[in-house]
Every structure is written in C-alpha cells, then in structure tokens.
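Good morning, colleagues. Please have the sequence and the model open while I speak.

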Amino acid sequence: MPFNLQPAFLRDDLIKLVPLQDNDFDKLFQVASDPLVWEQHPNPNRYKLEDFTTYFKGAIASKGAFLILDLKTNETVGCSRYYDYDESDNSILIGYTFIGTKFWGTGYNKSLKKIMLDYAFQFVDKVYFHIGAFNMRSQKAIEKIGGVKVDEFEVEHY
C-alpha cells in the first residue's frame, strides 16, 4: 500500500486532521493572523494576509496538508502537512505546522505529532521534522516527544 499524504481518517480523542481545502482559508487565517504564532518562525510575517496567502497556496499545492480541528468543538486549531516523501530513503517530512496560541501547552501539539507519526511509521522508516533554527518553542516540543536534531540547512519557503 503506497503512502497517502492526505488520508481522511487521522484522529484521536482530542483532534482530527482533515485534508485542507480551498474553502478553509478564512477559518485558518483567523488562527494564523496572530503575530505571536509566527514570532520565532523563519517567516515571521505569515500573520499578514499576503504572506499567509502564499503559505496557504503552498499547503494546497502540497496535497499533504491538514486542517487541525478540535474533535469536540470543531474549532480550528491550526495546520500541518506531510511532504517530500523519499521512497529511496524510505522517509517523509512533517512541517509547516502552526497551532493557535489558545491551544499552546494543552496537549494539542503532542496529540498532532503522535497522530502524524503513528500514521507515517506504517509506511516509512524515518520521519523528519523541519523546524526553524530560532524556533525554540517548536524545537523543545519535538524534544519532549523524543525527537533528535540530525541536521541544519537552509530551506526555500514556498
């Protein structure tokens, strides 16, 4: 069975991941328009409409992006995606993730990572997370779930 970058059934008892659609723009921008979400990100202006529009277009084009929703309230939590599946390395990347500040420190990010990792490891041997060099918040979150820094390099943002 091949790796489906955007399955429709990823969930746990806290969140569900729904394949991102064009009509999700407004509700996702509502969460993304908080400058605090992006303050440690390599592109700290993503809270602005023009920058977020570029991000969103890239997410749709990736065909691996998810809208993260609170399972009980259906409230928009954020977005994440799978990308750059490498069959020869048997690996996938997870990144372009953001979660609204309302959900910080409440288990939503850990839940998201577990769901995405559990699914990915059914198909690949390695999962890499792309995290900005100065995004200490995200680096610490990955360390909490056992992630280990393996490399650092420049990345072109969509």
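**Aromatic pairs and a helix crossing**

Tyrosine 82 counts as buried, because its relative accessibility is 0%. Please bear in mind that the model before you is predicted.

Let me place that residue in the overall fold. The protein chain has 158 residues, and 42% of them are buried. Its secondary structure amounts to five helices and six strands. Following the sequence, these elements come in the order β-β-α-α-α-β-β-β-α-β-α. If we take the contacts between residues at least 6 apart in sequence, 63% of them join residues at least 24 apart.

I turn now to the aromatic residues. How many aromatic pairs does the structure hold? The count is 21. One of them joins tyrosine 82 to tyrosine 119, with the ring centres 5.9 Å apart and 45 degrees between the planes, a tilted arrangement. Tyrosine 82 belongs to strand β4, residues 76-86, and tyrosine 119 to helix α4, residues 108-120, so this pair ties together parts 37 residues apart in sequence. Tyrosine 119 has a relative accessible area of 4% and is therefore buried as well.

A second pair is formed by tyrosine 83 and tyrosine 96. Here the geometry is edge-to-face, at 5.0 Å centre to centre and with 70 degrees between the planes. Tyrosine 83 sits in strand β4 and tyrosine 96 in strand β5, residues 91-99, so that the pair links distant parts of the chain, 13 residues apart. Are these two tyrosines buried or exposed? Tyrosine 83 is buried, at a relative accessible area of 8%. Tyrosine 96, at 18% relative accessibility, also counts as buried, because the limit is under 20%.

Tyr83 and Tyr96 are also members of one aromatic cluster. Its other members are Phe25, Phe29, Trp38, Phe52, Tyr55, Phe56 and Phe98.

Several of these names return in the next topic, the packing of two helices. Two packed helices are described by the angle between their axes and the distance between the axes. For helix α1, residues 25-32, and helix α3, residues 49-62, the axes come within 11 Å and cross at roughly 125 degrees. That angle makes α1 oblique to α3, because it lies outside the 65 to 115 degrees of a roughly perpendicular pair and is not over 145. The crossing of α1 past α3 is right-handed.

Which residues make the contact? From α1 they are Phe25, Leu28, Phe29 and Ala32, and from α3 they are Leu49, Phe52, Thr53 and Phe56. Sorted by class, the contact of α1 with α3 comprises seven nonpolar residues, one polar residue and no charged residues. Phe25, Phe29, Phe52 and Phe56 thus appear both in this contact and in the aromatic cluster.

I close with the backbone. Most residues other than glycine have a negative phi. Lysine 63 is not a glycine, yet its phi is positive, at about 55 degrees. Lysine 63 is found in the loop between α3 and β3, and counts as exposed because its relative accessibility is 57%. Aspartate 84, likewise a residue other than glycine, has a positive phi near 55 degrees. Where is aspartate 84 found? It is found in strand β4, the strand in which tyrosine 82 and tyrosine 83 also lie.

Definitions and conventions. Residues numbered from 1 in each chain as written. Predicted model: local features only at pLDDT ≥ 70, side-chain atom pairs only at ≥ 80, totals over all residues. Heavy atoms only, no water. Axes fitted to C-alpha atoms, helices over the stretch in contact; angles between N-to-C directions. Helix = DSSP H or I, 4+ residues; strand = E, 2+ residues; numbered from the N terminus. Parallel < 35°, antiparallel > 145°, perpendicular 65-115°, else oblique. Left-handed = near helix turned anticlockwise from the far one by under 90°. Contact = heavy atoms within 4.5 Å. Nonpolar A, V, L, I, M, F, W, Y, C, P; charged D, E, K, R; others polar. Phe/Tyr/Trp six-rings, centres within 6.5 Å; stacked < 30°, edge-to-face > 60°. Buried < 20%, exposed > 50% of the residue type's maximum accessible area, 1.4 Å probe, protein only.
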